[in-house]
Amino acid sequence: MNFLGMHHMGTTIKKIEVFGIGMPLVGTFTSGGQSKNITKCLVIRVTDNDGIIGVNSIDPSTRATSPNTAAELGVAIREKLTPALIGEDPTNVNRIYEICSKISPQQPGAAAGVELACIELTCQRHGISFHEYAGGAVMDSVLFNAWVGELPPDEAATEALKWKNDGFKSMKIKVGNNAGVDGARVMAVRDAVGSDIKLRMDANQQCSVDEALALCDAVKNCDMQLFEQPVAKDDLDGLRKVRREGGIPVMADEAISDHASLIRAIKADCADYIKFGIKQAGGMLPAAKMMATAEAAGLPIVLGHGFGLDLSTTAEIMLGASSHNVLPGLECVGPLKVTDTVCTTKLDISKGHISLPMGPGLGLKLDENKLEKYGFDI
């Protein structure tokens with residue numbers, strides 16, 4: 001059989017489905033001044049001509065704005081990307097990604113959703129796990145990072161102690177822009193958990209440079225692992241100043257939106273750590289490229305995003321396990337914040353660590369009843 005004949009016999013995309021999911025949260029979450037009690041996500045399911053299925057999810061943040069809200073990304077996948085992808089080879093992920101990026105360059109989440117589902121389909125086809133597709137896992141288990149909200153010191157200490165007793169080895173403390181109030185919270189947490197827990201603090205861009213430096217001074221005896229995004233995402237000079245003068249390693253988060261922004265942060269010498277999720281990168285292959293760039297620049301990364309269904313969370317766990325340059329304490333902790341799952345099994349990360357999931361693909365199956373129960377029209 002000639003090469004063209006073989007190619008013709010191959011797998012092609014027959015159907016792409018996209019489901020809007022409004023998943024209730026465990027309580028109300030406030031981040032960067034915005035509160036929510038439900039997280040809006042998309043589940044993408046790609047079926048090929050042999051009936052093999054690939055699934056994944058994407059989870060836009062609360063602060064996502066047009067055209068990158070869950071509903072808008074869902075419409076883009078259904079109405080723009082799907083017609084262009086039917087008949088394409090889902091295992092040629094570079095090509096799939098190229099097509100999606102050309103059609104919807106302003107909506108990286110749309111490309112990511114389709115790309116991830118096609119990778120999962122490819123894994124199912126070959127009987128390999130997502131981490132094998134990523135080149136293999138270099139660790140057998142992963143750790144997760146807990147979080148403590150902007151609470152009064154005594155409440156923050158109680159919450160931190162609960163996480164420690166559950167088995168978490170690291171946690172981040174949300175801070176605002178008041179060195180006195182924030183410093184008291186951080187000190188209370190450090191006193192409560194003792195010296196063996198890694199502590200991070202996250203300002204979600206809420207500080208001025210002076211406020212950030214005042215906070216660094218207030219917590220200088222608390223042995224902080226890192227200070228996440230103290231100042232506005234575009235203020236790389238300010239970030240560098242906090243890094244140079246604050247005495248606490250700085251992590252860029254909101255400042256990182258894609259590969260180009262990672263390069264800008266590296267050139268600005270403004271961070272000791274880099275944080276992003278697969279969706280920010282625009283898919284797993286772009287995320288892997290960003291991971292390689294950060295590693296070459298000598299910058300460890302924190303992988304993950306705060307709100308996510310089991311599907312995207314498992315993808316980040318498996319990608320995170322593929323590199324020792326990923327800091328222990330993944331931030332893909334979405335399953336801890338939601339009341340349920342859209343899969344037939346629930347991912348349990350409540351002890352702060354899990355053995356690496358084995359697959360094939362993500363090793364997850366969608367629950368049709370849950371898709372219906374939590375669905376919203378897009």
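Okay, let's start with a charged pair: D202 and K172 are both buried. Before I go on, keep in mind that this is a predicted model. So what do these two do with each other? The side chains of D202 and K172 meet in a salt bridge, 3.2 Å from N to O. D202 sits in strand β7 and K172 in strand β6, residues 170–174, so the bridge ties together parts of the chain that are 30 residues apart in sequence.

And that pair has company. Which residues join D202 and K172 in a network of salt bridges? The full set is K172, K174, R200, D202, E228, D253, K275 and E331. The background here is simple: side chains of opposite charge can pair when their charged atoms come close. Over the model, the count comes to 24 salt bridges.

Let me pick two others. One is R125 with D50, where the closest N and O atoms are 2.9 Å apart. R125 is in helix α4, residues 108–126, while D50 is in the loop between β2 (34–48) and β3 (53–58), so this pair ties together parts that are 75 residues apart in sequence. For burial, R125 comes out as partly exposed, at 30% relative accessibility.

The other one is K164 with D196, and there the closest N and O atoms are 3.7 Å apart. If you're checking that against the cut-off, a salt bridge needs the nitrogen within 4 Å of the carboxyl oxygen, so the pair counts. K164 belongs to helix α6, residues 153–166, and D196 to the loop between α7 (179–193) and β7 (198–202); those are distant parts of the chain, 32 residues apart. Is each partner buried or exposed? K164 is partly exposed, with a relative accessible area of 28%, and D196 is exposed, at 54%.

Right, helices next. Have a look at α8, residues 209–218, and α9, residues 236–246: their axes come within 10 Å and cross at roughly 25 degrees. That angle makes α8 roughly parallel to α9, because anything under 35 degrees counts as roughly parallel. The crossing of the two, α8 and α9, is right-handed. Which residues make the contact? From α8 you have V209, A212, L213 and C216, and from α9 there are G238, K241, V242, E245 and G246. Sorted by class, that contact between α8 and α9 has five nonpolar residues, two polar and two charged.

Last stop: a couple of glycines. G127 is in the loop between α4 and α5 (130–133), and G127 is exposed, with a relative accessible area of 53%. Now, how far is G127 from G359 in space? Their C-alpha atoms are separated by 8.1 Å, with the two positions 232 residues apart along the chain.

G359 itself is in a loop too, the one between β12 (353–355) and α14 (368–373). At 28% relative accessibility, G359 counts as partly exposed. G359 also has H131 at 8.6 Å, C-alpha to C-alpha, and that pair is 228 residues apart in sequence. As for actual contacts, if you leave aside neighbours within four places in sequence, G359 touches S129 and M318.

That's my tour. If you want one thing to look at on screen, go back to D202 and K172, the buried pair, and follow the salt-bridge network they belong to.

Terms used:
Residues numbered from 1 in each chain as written. Predicted model: local features only at pLDDT ≥ 70, side-chain atom pairs only at ≥ 80, totals over all residues. Heavy atoms only, no water. Axes fitted to C-alpha atoms, helices over the stretch in contact; angles between N-to-C directions. Helix = DSSP H or I, 4+ residues; strand = E, 2+ residues; numbered from the N terminus. Parallel < 35°, antiparallel > 145°, perpendicular 65-115°, else oblique. Left-handed = near helix turned anticlockwise from the far one by under 90°. Contact = heavy atoms within 4.5 Å. Nonpolar A, V, L, I, M, F, W, Y, C, P; charged D, E, K, R; others polar. Buried < 20%, exposed > 50% of the residue type's maximum accessible area, 1.4 Å probe, protein only.
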